Amino acid sequence: MNYSSFNSGVAIVVEGKTDKDLLSSFLDCEIVMTNGSAVPEDIIQYIRKLKESKTIIVLTDPDSPGKRIRDVLDSKIPGLIHAYVPKDKCIKKHKVGVAESDKQTILEALENLIPATSPTTPTITHSDLVDLGLLGFDNSAQKRVMLEEKLKLGHTNAKSFVKRCNCLGISREDLEKALYE
């Protein structure tokens, strides 16, 4: 999705005012704030209603509260789409978040959207991660981090790595190619 096409057909969900202010400075679309990780029911209801007419993109901080918001929204509103800013590109003054990133980082995240739900047939499994050295070895986490960056998956653990790969239709062969190029 090209950011220049962000208009009345898209809404982006962020955590707070500083995130909204940053995005509003260069995007022309509706921006909804959750006001923290305890997403109020009225915000959930609003996003659910908004989804009837708009594509909803969730763009939260790459930390535990950001993951919690994503999980809460995914459990209550099916069919959301996620954008992830890399943690190493959104740190300023010991703070981590969307508001600490820059326009280019956010636009890259918005060009690499990931649906919340996987296709019914998985493209990779946890066994594939073990076979490729991405799970169960001393350097597995480092290898996954490298692939997260190459494949624009956002920060993950092994379980969410598999889920995001499956959501994007990334195959074992795709992982092998990215791992060894």
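These exercises, each with a worked solution, concern a predicted model of one protein chain.

**Exercise 1. Overall form**

Task: Decide whether the radius of gyration of the chain agrees or disagrees with that of a compact globule.

Solution:
- Start with the length. The chain has 181 residues.
- Set the expectation. A compact globule of that length would have a radius of gyration near 16 Å.
- Compare. The chain has 16 Å, so the value agrees with the globule.
- Add the extents. Along its principal axes, the C-alpha trace spans about 45 × 40 × 30 Å.
- Add the secondary structure. The chain holds 8 helices and 7 strands.

**Exercise 2. Contacts, surface and charge**

Task: Find what share of the residues is buried, what share of the contacts joins residues 24 or more positions apart, and how far apart the mean positions of the charges lie.

Solution:
- Burial: 44% of the 181 residues count as buried.
- Contacts: take those with a separation of 6 or more. Residues 24 or more positions apart account for 62% of them.
- Surface: the accessible surface comes to about 9,400 Å². Carbon and sulfur atoms hold 52% of that surface.
- Charge: there are 25 positive and 26 negative charges. Their mean positions are 3 Å apart.

**Exercise 3. The nonpolar cores**

Task: Describe the largest nonpolar core and state which element gives the most to it.

Solution:
- Recall the background. In soluble globular proteins, nonpolar side chains tend to be buried together.
- Size the core. The largest one has 19 residues.
- Pick out its best-connected members. I12, L23, L27, L59, I106 and L110 have the most contacts inside this core.
- Assign elements. Strand 1 (10–14) and helix 4 (103–110) are the elements that give two or more residues to the core.
- Rank them. Helix 4 gives the most, with 4 residues.
- Look beyond it. Another core lies apart from this one and has 17 residues. Among them are L147, F161, I170 and L175.

**Exercise 4. Positive phi outside glycine**

Task: Locate N35 and H94, give phi for each, and classify each as buried or exposed.

Solution:
- Recall the background. Most residues other than glycine have a negative phi.
- Take N35. Phi is near 60°, a positive value in a residue other than glycine.
- Place N35. This residue is found in the loop between strand 2 and helix 2 (41–50).
- Classify N35. Its relative accessible area is 55%, so N35 is exposed.
- Take H94. Phi is near 65°, again a positive value in a residue other than glycine.
- Place H94. This residue lies in the loop between strand 5 (91–92) and strand 6 (95–96).
- Classify H94. The relative accessible area is 82%, so H94 is exposed.

**Exercise 5. Two cysteines**

Task: For C29 and C167, work out the location, the burial class and the C-alpha distance to a residue far along the chain.

Solution:
- Place C29. It lies in the loop between helix 1 (17–24) and strand 2 (30–33).
- Apply the cut-off: buried means under 20% relative accessible area. C29 has 15%, so C29 is buried.
- Give its distance. C29 and T60 are 31 residues apart in sequence and 16 Å apart in space, C-alpha to C-alpha.
- Place C167. It is found in helix 7 (residues 158–168).
- Classify C167. Its relative accessibility is 10%, so C167 counts as buried.
- Give its distance. The C-alpha atoms of C167 and S118 are separated by 4.1 Å, with these positions 49 residues apart along the chain.
- List its contacts. Not counting residues up to four places away in sequence, C167 touches I114, P115, A116, T117, S118 and P119.

**Exercise 6. Around helix 5**

Task: Classify D128, T125 and G169 by accessibility, and find which residue D128 and G169 each touch in common.

Solution:
- Take D128. This residue lies in helix 5 (residues 126–131). At 13% relative accessibility, D128 counts as buried.
- Take T125. This residue is in the loop between strand 7 (114–115) and helix 5. At 34%, T125 counts as partly exposed.
- Take G169. This residue sits in the loop between helix 7 and helix 8 (172–180). At 36%, G169 counts as partly exposed.
- Compare contacts, not counting residues up to four places away in sequence. D128 touches T123 and R172. G169 touches T123 and D174. T123 appears in both lists.
- Finish with distances. T125 and F161, 36 residues apart along the chain, have C-alpha atoms separated by 9.9 Å. G169 and P122 are 47 residues apart in sequence and 7.8 Å apart in space, C-alpha to C-alpha.

Conventions: Residues are numbered from 1 along each chain as its sequence is written. This is a predicted model: local features need pLDDT of at least 70, side-chain atom pairs count only at pLDDT 80 or more; totals for chains, interfaces and linings use all residues. Side-chain values use heavy atoms; hydrogens and water are left out. A nonpolar core is a set of buried Ala, Val, Leu, Ile, Met, Phe, Trp, Tyr and Cys residues joined through side-chain atoms within 4.5 Å. Buried means under 20% relative accessible area, exposed over 50%, partly exposed in between (1.4 Å probe, protein chains only). The radius of gyration is taken over C-alpha atoms; the globule rule is 2.2 Å times the number of residues to the power 0.38. Contact means heavy atoms within 4.5 Å. Accessible areas come from the Shrake-Rupley method with a 1.4 Å probe; for residues, only the protein chains shown count as cover. Lys and Arg count as positive and Asp and Glu as negative; His and the chain ends are not counted. The place of a charge is taken as NZ of Lys, CZ of Arg, CG of Asp or CD of Glu.
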